[in-house]
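Trainee: I'm new to this one and would like a close look at a single part rather than a quick tour of everything. Could you pick a spot and walk me through it?

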Amino acid sequence: LVGPDSSMCVAAASVGKSMKRLIISGKGQVGGLGRKIWDGGFASAVNSTQEALQEECKLYQAREIVCPDCLSTSHPNGASSWRSESIEAFALRGNTSVRCDHAHDVNVGLLLGHQASSAQEVVPHLNYQDVLLPCRPSKAVNSLLGAVVLVGLWDSKLKQIRNIGSGFVADKDKGLIITASHILFDMQATEGFGAKFYGLKDAKAVIGVIPRSSNEGDICSIESDAVFRYFAEIVAHDVENVDACVLRITTKFENDVGGDGEGCGDQPEIPLMHNPKAMEAEKLQTLKMTKKYEREENVRILGYNQGGEGLLMPGMHVNRTADFAAGYICKKFKVTTEDIRNSQLSELARGFNALEEIVVMCPTINGHSGGPCVNNDGAVVGILSRADPAENQRCYLVPATELKRLMKMAKAKSKMNPLELYYRQNA
């Protein structure tokens, strides 16, 4: 029985400061799904301990299963773990393996101690519907897509969209939109890092939205494509530490633009900035943000796939049909400025160094960058920033804590009149 500070505490990250972990371990051959380990007494030890705790201990208990691959390849303190109910749920869904935070694929039968031909034989005491119902989203994707937007880098000289991604409306009254910074800023170059609009002159951000039918209320038709409708300006960013920025809608096109957006620069523009009534008339749909999330929580990343579809290759056209990818939260990654100073990161050239990110196991789709990652309730936990270079099923989010910080900056600037804003930006 150990606490999180003990060197013997396995998977210490999931143990609270006031909690204790009772460790039961076994060692042996893993062939036949660890049959010799489980039948050799480990199953009896686990079951009898659990029965004793249920009878004698009235405190809160949670059973966790530790990744055996983590234990065999690294220090036990840093091992990954799962709630036992989650592993049982995986078995009920017919999954034969599960992946830990360190990308180890482990057989579910080995973790549960059973070699069965069906999920019900593995965990007969659980009901399939009891496991799946709590995981079903209370907010359907279709009810959220009205707030998910296309964000493009418009080159006024060439009259075309040079770069494109996704984003979402965060404030309908001020017309504020959150997206990924790398769509509009050069975050790859060593020299000229952070150049706004990749150094292009007379460039703007162009915004595409899904038209909302009057008889569908807040629900967008699954058959509706987004149309380019607005130009926007950048009002808040922190490109060195956060791959996110806040845009503010400035003008509306007289007519919506489809296709690849070629006609965006030819449309007469209607001013919306500093015009509350005109902005309110747009009836923009928004998504709320939440700082709360848990490991293994189901999430969905919404956006516009630009990776090609069917016979269309990537880059051949601008896809204006929204879709989503489903996954789950893996862990939180955070680096303090002190950590950077005390590590080799301080020796790096000026560039992007994320201070805080959420790691998600989810297929990463080109074009979803900047798109909102929502929980079952439809609340935004972060936006998609990038994929892991070694594992395309693993991606990184800018968390809502950072997004809220940028929104605070954006709202402060939105209160200034144009003259005050000009002097502040050129001070």
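Mentor: Let's start at the hairpin of strand 5 and strand 6, where 4 residues sit between the strands and K159 takes a positive phi near 55°. Keep in mind that this is a predicted model. The two strands joined here, strand 5 and strand 6 (residues 160-171), pair in the antiparallel sense over 8 bridges. If you want a place to put your finger, find W154, which stands opposite I161 in strand 6.

Now stay with strand 5, which covers residues 148-155. Strand 5 also pairs with strand 10 (residues 203-209), again in the antiparallel sense, this time over 6 bridges. There, L150 stands opposite G208 in strand 10.

How covered is strand 5? Mostly: 8 of its 8 residues are buried. In a regular strand, side chains alternate between the two faces of the sheet. You can follow that here: V148, L150, G152 and W154 point one way from strand 5, while V149, V151, L153 and D155 point the other way. Both groups are buried, and that includes D155 as well as W154.

From there, jump along the chain to a barrel. In this one, 6 strands close up in the order 14-15-16-19-18-17, with antiparallel pairing. Neighbouring strands of this sheet are turned by 45° against each other on average, direction ignored. To trace one pairing, take strand 14 (residues 298-304) and strand 15 (residues 322-334), which are antiparallel partners over 7 bridges. Within that pairing, N298 has Y328 of strand 15 as its bridge partner. Helix 9 (residues 400-414) packs on the sheet and touches strand 16 (356-361), strand 18 (380-388) and strand 19 (391-399). The direction of helix 9 makes about 40° with that of strand 19.

One last stop, the cysteines. With a disulfide taken as two cysteine sulfur atoms within 2.5 Å, the count comes to 0 disulfides. Take C67: the nearest cysteine sulfur belongs to C70 and is 3.7 Å away, so C67 is in no disulfide by that cut-off. C67 is also buried, with a relative accessible area of 0%. Then look at C362, which is in no disulfide either, the nearest cysteine sulfur being that of C395, 5.2 Å away. C362 is buried too, at a relative accessible area of 1%.

Definitions and conventions
Residues are numbered from 1 along each chain as its sequence is written. This is a predicted model: local features need pLDDT of at least 70, side-chain atom pairs count only at pLDDT 80 or more; totals for chains, interfaces and linings use all residues. Side-chain values use heavy atoms; hydrogens and water are left out. Buried means under 20% relative accessible area, exposed over 50%, partly exposed in between (1.4 Å probe, protein chains only). Two strands pair if DSSP finds at least two bridges between them. Axes are lines fitted to C-alpha atoms, for helices over the stretch in contact, and angles run from 0 to 180 degrees between N-to-C directions. Contact means heavy atoms within 4.5 Å.
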